[in-house]
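Me: I would like to work through this chain carefully, one question at a time, beginning with the overall fold and ending with single residues. Could you take each point in turn and finish on the value or name I ask for?

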Amino acid sequence: MAASPSTARVINDRLALGLLQREGPLTASQLKTLTGLSRPTVADLVERLQDSGLVRVVGETGDRRRGPNARLYGIAADRAHLAALDVRTHSVSVVVADLLGTTLAEATAPIGSETATEAAVEQAVALLERTAREAGAEPLHSVGVGAPGLVDPVSGELRETTGLPAWHRRLVAALQERLPATVLVENETNLAALAEQRLGAARGQDTFVLLWLGLGVGAAVVLDGKLRKGASGGAGEIGFLPVPGTARLPSAAGCEGGFHSLAGSAAVAELAAAYGVSAAAGPQEPPATALVRAAVADVRSAVPGGRPASGRQDAAGAFLDALADRLAIGTAAVSAVLDPGRIVLAGEVGHAGGAALAARVEDRLALMSPLRTEVRAGTLGGAAVLRGALLTAREAAQDELFTP
């Protein structure tokens, strides 16, 4: 059944906007070549998109031609402004961007554990409003929020979770009340997976699992190109996975005794101390991050074939080996159930471990499972959540603005 003229126009407009987003500014002739549309059809859609404020002339080609055929058309990046928030237990980070995702401003502020709920919410909202104002990005069109905990797959709201600050849940409602913007909230690990798939270690992968290693542990599951959240939004709550090597089983009220007790930041710090590895953590980073980073640096400082490794280098290598043994337990369970083909070690700790830790985990996993599974280090580190939240906000804005 042939599309109606109005439907065809919508399809053509979205096709052109998608090309301008991916390829950057294009001439009408380039749009004609890339879309396969006729010259009059391209001329009509360019005029239509200019009238809507979505596209404008942003320059001319560098050749000798002048006039209409030399004009470069690009998406009007200031047609809408976006924001992303990364909500952590003791801090909040904000980035403000234009419709193309170009960063205009960013900021981070600590929020003390003793701060009352409403005061913490006010600090976070004020940080966002101030950052947007300083960037000249008011009003905001869409805001993506990444937070720990479960997001209800039906309502889209952050569920109340034991052990997390009450201001997290209240913040989303406050943003919706204060801002004339679409506010979207998603689990932080899921957003990190989106970012790594588009921009990082899982680029081009339709099926993979991202293992988040930070203060706690979590996982995001992407199967056949789709993020799988589960019936209650809890897919990937790997911290509750019962594993050997812990003193007890986890419970419905807490993940102590589960995989969290082997791979959470506190557990990794205890393991490092047992091997004599020490390092001072930076501001707002999990203690395990600095320890793993220091161990990797010590191992790299050893010269292959040179003088024997020092006691410090031996200790660092043994610590990384022991940590890889622990991570292999969780990744083997993931591999056996999902056969993802690739596991990305993300979060601050996974990023700090880099290729040295990922290779150790992959070697151990190969001995534990017949299913071939690559293990890669995430490339975006702690910034993955903000990048994923910004991608979510941008897609929401473009879905609305690019559709008449």
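The questions and answers below concern a predicted model.

Me: How many helices and strands does the chain have, and how does its radius of gyration stand against the globule rule?
Reply: The chain contains twelve helices and twelve strands. For 404 residues the globule rule gives 22 Å, and the chain is as compact as a globular protein of that length because its own value is close to this, with a radius of gyration of 24 Å.

Me: What share of the contacts between residues at least 6 apart in sequence joins residues at least 24 apart?
Reply: The C-alpha trace spans about 70 × 55 × 45 Å along its principal axes, and buried residues account for 48% of the 404 residues. Among the contacts in the chain between residues at least 6 apart in sequence, the share that joins residues at least 24 apart is 61%.

Me: In the open sheet with the order 5-4-3-6-7, which strands stand at the edges?
Reply: This open sheet has five strands with mixed pairing, and its neighbouring strands are turned by 15° against each other on average, direction ignored. An edge strand here pairs on one side only, and that description applies to strand 5 (103–110) and strand 7 (182–187).

Me: Which residue of strand 5 stands opposite S91?
Reply: Strand 4 and strand 5 pair in the antiparallel sense, and seven bridges connect them. Within strand 5, the residue opposite S91 is P110.

Me: At what angle to strand 3 does helix 12 pack on this sheet?
Reply: Helix 5 (residues 166–178) lies across strand 3, strand 4, strand 6 (142–147) and strand 7, and runs at about 165° to strand 3. Helix 12 (residues 384–401) also touches strand 3, strand 4, strand 6 and strand 7, and its direction makes with that of strand 3 an angle of about 145°.

Me: Why is one side of strand 10 and of strand 12 left without a neighbour in the sheet?
Reply: The open sheet concerned has five strands in the order 10-9-8-11-12, with mixed pairing. Strand 10 (226–228) and strand 12 (374–377) stand at its edges, so one side of each is left without a neighbour in the sheet, the reason being that each has a single partner strand.

Me: Which residue of strand 9 is the bridge partner of L210?
Reply: Strand 8 (residues 208–213) pairs with strand 9 (residues 217–223) in the antiparallel sense, over six bridges. The bridge partner of L210 in strand 9 is A220.

Me: Which residues form the covered face of strand 12?
Reply: Strand 12 pairs with strand 11 in the parallel sense over four bridges, and I343 has V375 as its bridge partner. Helix 11 (residues 347–368) lies across strand 8, strand 11 and strand 12, running at about 160° to strand 12. The uncovered face of strand 12 holds E374 and R376, whereas the covered face holds V375 and A377.

Me: Is R88 buried or exposed, and with which side chain does it make a polar contact of 2.6 Å?
Reply: R88 lies in the loop between strand 3 (81–87) and strand 4 (91–98), and it counts as buried because its relative accessibility of 17% falls under the 20% cut-off. Leaving aside neighbours within four places in sequence, its contacts include W167, H168 and W212. The side chain of R88 makes a polar contact of 2.8 Å with that of D86, and the one of 2.6 Å is with the side chain of E348.

Me: What is the relative accessible area of S335?
Reply: S335 belongs to helix 10. Leaving aside its neighbours within four places in sequence, it is in contact with P340, L365, S369, L371 and T373. S335 is buried, and its relative accessible area is 0%.

Me: How far apart in space are M368 and A333, C-alpha to C-alpha?
Reply: M368 is found in helix 11 and counts as partly exposed, at 46% relative accessibility. Not counting residues up to four places away in sequence, M368 touches A328, I329 and A332. M368 and A333 are 35 residues apart in sequence, and their C-alpha to C-alpha distance is 9.7 Å.

Key:
Residues numbered from 1 in each chain as written. Predicted model: local features only at pLDDT ≥ 70, side-chain atom pairs only at ≥ 80, totals over all residues. Heavy atoms only, no water. Pairing = 2+ DSSP bridges. Helix = DSSP H or I, 4+ residues; strand = E, 2+ residues; numbered from the N terminus. Contact = heavy atoms within 4.5 Å. Axes fitted to C-alpha atoms, helices over the stretch in contact; angles between N-to-C directions. Buried < 20%, exposed > 50% of the residue type's maximum accessible area, 1.4 Å probe, protein only. Polar contact = N/O pair within 3.5 Å; in protein donor to acceptor, adjacent residues only side chain to side chain. Rg over C-alpha atoms; globule rule 2.2 N^0.38 Å.
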